Amino acid sequence: MRRVVLPEIGTFEAWRDEARALLGAGVPPEEVLWHRGAAEADLFAEALPPVRGGAVTVPKGFVDLARLVVWHRDPERFARLYGLLWALGHSRGLLEDRGDPRIDRLRRMAKEVSRDRHKMTAFVRFREIGDPAATRRRFAAWFEPSHYILELTAPFFAKRFGDMDWSIFTPDLTAHFDGFEIRFAPPEARPELPDDAAEELWRTYFRNIFNPARLKIGAMQAEMPKKYWRNLPEAPLIPELIAEAQSRAQAMGEAAPSLPPIRAERITERLRAPEAPAPVGDRDALLSGLAGCRRCPLWQNATQPVAGEGPLDAPLMIVGEQPGDQEDLAGRPFVGPAGQLFDTVAARAGLKRDRAYVTNAVKHFKFAPRGKRRLHQSPNSGEIAHCRWWLDMERQLVRPKLIVAMGASAAESLTGDSRRIGTRRGALEHAPDGTPVMVTWHPSYLLRLPEGARSAAEAAFEADLRRAAALVAQGEGAADTKGA
Ligand code: URA
């Protein structure tokens, strides 16, 4: 009997290499005992020197299946996979045989792993453990998956939360991410994680996306099985939300229609007398005013308003459209994928984000709920006009020498001109008070472009940011010379 001990990190690759070698050397499944990690190893099996087999080809469908099944908790998973691989050598079409119980079992195991992975992406809740003022914030989470899925799932979190350092602790393995790579380490005892201020926000968010009119308790429990509740800050809300769902749904029905159609809003907008200019305040006045903003209905569904950030003496102001999903949760502008692209291109263009005031034309996230996702919706002209009050207040506070308007909403808010960006990009326009406004692409637009079209548009965006940085530097140079 041959004993193969697979490592606990890199298990799939190790299993694949061993299985290929064994198959190439003609070692039958009944002669192999598979283990993951020394603890599982069978002391009675012999650890023979590794085999060197000839090259073998394996159907892609099998590799895809194995990529999931190796993370299942069934101790027989490696043997089952190798058994099937062996059998495929004699009957290539076997993988398509839906009636074969070995394949049926492996497919079910793959599904269970996939489902567990999906649950992990939905139910990991990070808590902040580092200094919130540090350039890169640090978070940690504890999660108890049903299968060994951390290595499989960690890349999802690296992509989704690339702008922060994080660790995920599980009873089987730990993952640490530092912005560049994911490092796996042996499991640690469940860490004491601090109560997170963000949890309150998260609960508000959960309350907001919970639609009492669409409550289906069975489906909800299938989606969010009770085993995960222990680590979910929103779980204690569920019984209460279920209990009040019926009366809330009834109240919603009675209150509808709650929003006038967009067309009606535009007409009202045109008839409305021009508003008084935004007062000059300080940043605290801005923040407290924004917190209670009811100028348009967007506050109702957003988690919080997102004010701009950056030095109040910044010579450059960058204006985007509105906070996205991640900005809405974080309470900070441009921290999600569009923000990451902006940061990358700005760095290439020599534009220092920390010397600019970065904000949005609209301060609340506008979205349409689709299941558990919140799909971005562009603000309409009325919403942009209502929110100009806050952008004007920020402009009064910062008094930038140059504003970069990224995308049509920002350009409309700043110049009053709602034409598309394609014909305007790169040009210097002006706000009504004469402040120069450089109009350019919005990074989210670049992210949506197909690969081929993206590089040219991104190069144009970079050129615009480079020019903006140069204009500001020139202005600062001139001011320095005058002062000298
Ligand atoms: N898109 C924006 O326009 N602003 C943000 O803050 C994030 C995404």
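A residue counts as buried when its relative accessible area is under 20%. That cut-off is needed at several stops of this tour, beginning with strand 9. The model is a predicted one.

**Whole chain**

Show the whole chain before selecting anything. There are 16 helices and 14 strands. Of the 484 residues, 45% count as buried. The accessible surface of the chain comes to about 24,800 Å², and 55% of this belongs to carbon and sulfur atoms. Among contacts with a separation of 6 or more, 73% are between residues 24 or more positions apart.

**Strand 9 and strand 8**

Select residues 356–360, which make up strand 9. Five of the five residues are buried, so the strand is largely enclosed by the rest of the structure. Turn on the side chains. In a regular strand the side chains alternate between the two faces of the sheet. Here Ala 356, Val 358 and Asn 360 point one way, while Tyr 357 and Thr 359 point the other way, and all are buried.

Now add residues 316–320, strand 8. Strands 8 and 9 run parallel and are joined by five bridges. Which residue stands opposite Tyr 357 of strand 9? It is Met 317.

**The ligand**

Stay with Asn 360, the residue of strand 9 that is also one of those surrounding the ligand. Select the ligand and its surroundings: Gly 320, Glu 321, Gln 322, Pro 323, Gly 324, Glu 327, Pro 333, Phe 334, Ala 338, Asn 360 and His 442.

Three distances can be checked here. A backbone N or O atom of Glu 321 is 2.7 Å from an oxygen atom of the ligand. For Phe 334, a backbone N or O atom lies 2.8 Å from a ligand oxygen atom. His 442 uses its side chain instead, with a polar atom 2.6 Å from an oxygen atom of the ligand. On its own the ligand has 240 Å² of accessible area, and the protein covers 94% of it.

Centre on Phe 334, in the loop between helix 11 (325–330) and helix 12 (337–348). Is this residue buried or exposed? Its relative accessible area is 6%, which is why Phe 334 counts as buried. Look at the backbone as well. Most residues other than glycine have a negative phi. Phe 334 is not a glycine, yet its phi is positive, about 50°.

**Arg 399**

Move to Arg 399, in the loop between helix 13 (381–398) and strand 12. Arg 399 also has a positive phi, of about 45°, although it is not a glycine. With a relative accessible area of 57%, Arg 399 is exposed. Its side chain makes a polar contact of 3.3 Å with the side chain of Gln 396. Then find Met 317 of strand 8 again: the C-alpha atoms of Arg 399 and Met 317 are separated by 8.7 Å, with the two residues 82 apart along the chain.

**Strands 12, 13 and 14**

Select residues 436–440, strand 14. Four of its five residues are buried. Add strand 12 (residues 402–406), which runs parallel to strand 14 and is joined to it by four bridges. Val 404 stands opposite Met 438 of strand 14.

Next add strand 13 (residues 428–430). Strand 13 runs antiparallel to strand 14, with three bridges between them. Glu 429 has Val 437 as its bridge partner in strand 14. The two strands form a hairpin with five residues between them, and Gly 434 in the turn has a positive phi of about 95°.

**Arg 424**

Step back to Arg 424, in the loop between helix 14 (408–415) and strand 13. Its relative accessibility is 2%, so Arg 424 counts as buried. A polar atom of the Arg 424 side chain lies 3.0 Å from the backbone oxygen of Asp 417. Beyond its neighbours within four places in sequence, Arg 424 is in contact with Ala 411, Thr 415, Asp 417, Ser 418, Arg 419, Glu 429 and Val 439.

**The nonpolar cores**

Finish with the largest nonpolar core, which has 58 residues. Those with the most contacts inside it are Trp 15, Trp 34, Phe 62, Tyr 82, Leu 84, Phe 126 and Trp 166. Centre on Leu 84: leaving aside neighbours within four places in sequence, Leu 84 is in contact with Phe 62, Leu 65, Leu 94, Leu 95, Ile 103 and Leu 106. Another core, of 54 residues, lies apart from this one and includes Ala 314, Val 319, Met 393 and Leu 414.

Note on methods: Residues are numbered from 1 along each chain as its sequence is written. This is a predicted model: local features need pLDDT of at least 70, side-chain atom pairs count only at pLDDT 80 or more; totals for chains, interfaces and linings use all residues. Side-chain values use heavy atoms; hydrogens and water are left out. A nonpolar core is a set of buried Ala, Val, Leu, Ile, Met, Phe, Trp, Tyr and Cys residues joined through side-chain atoms within 4.5 Å. Buried means under 20% relative accessible area, exposed over 50%, partly exposed in between (1.4 Å probe, protein chains only). Contact means heavy atoms within 4.5 Å. Two strands pair if DSSP finds at least two bridges between them. A residue is near a molecule or strand if one of its heavy atoms lies within 4 Å of it. A polar contact is a pair of N or O atoms within 3.5 Å; within protein, one must be able to donate a hydrogen and the other to accept it, and residues adjacent in sequence count only if both atoms are side-chain atoms. Accessible areas come from the Shrake-Rupley method with a 1.4 Å probe; for residues, only the protein chains shown count as cover.
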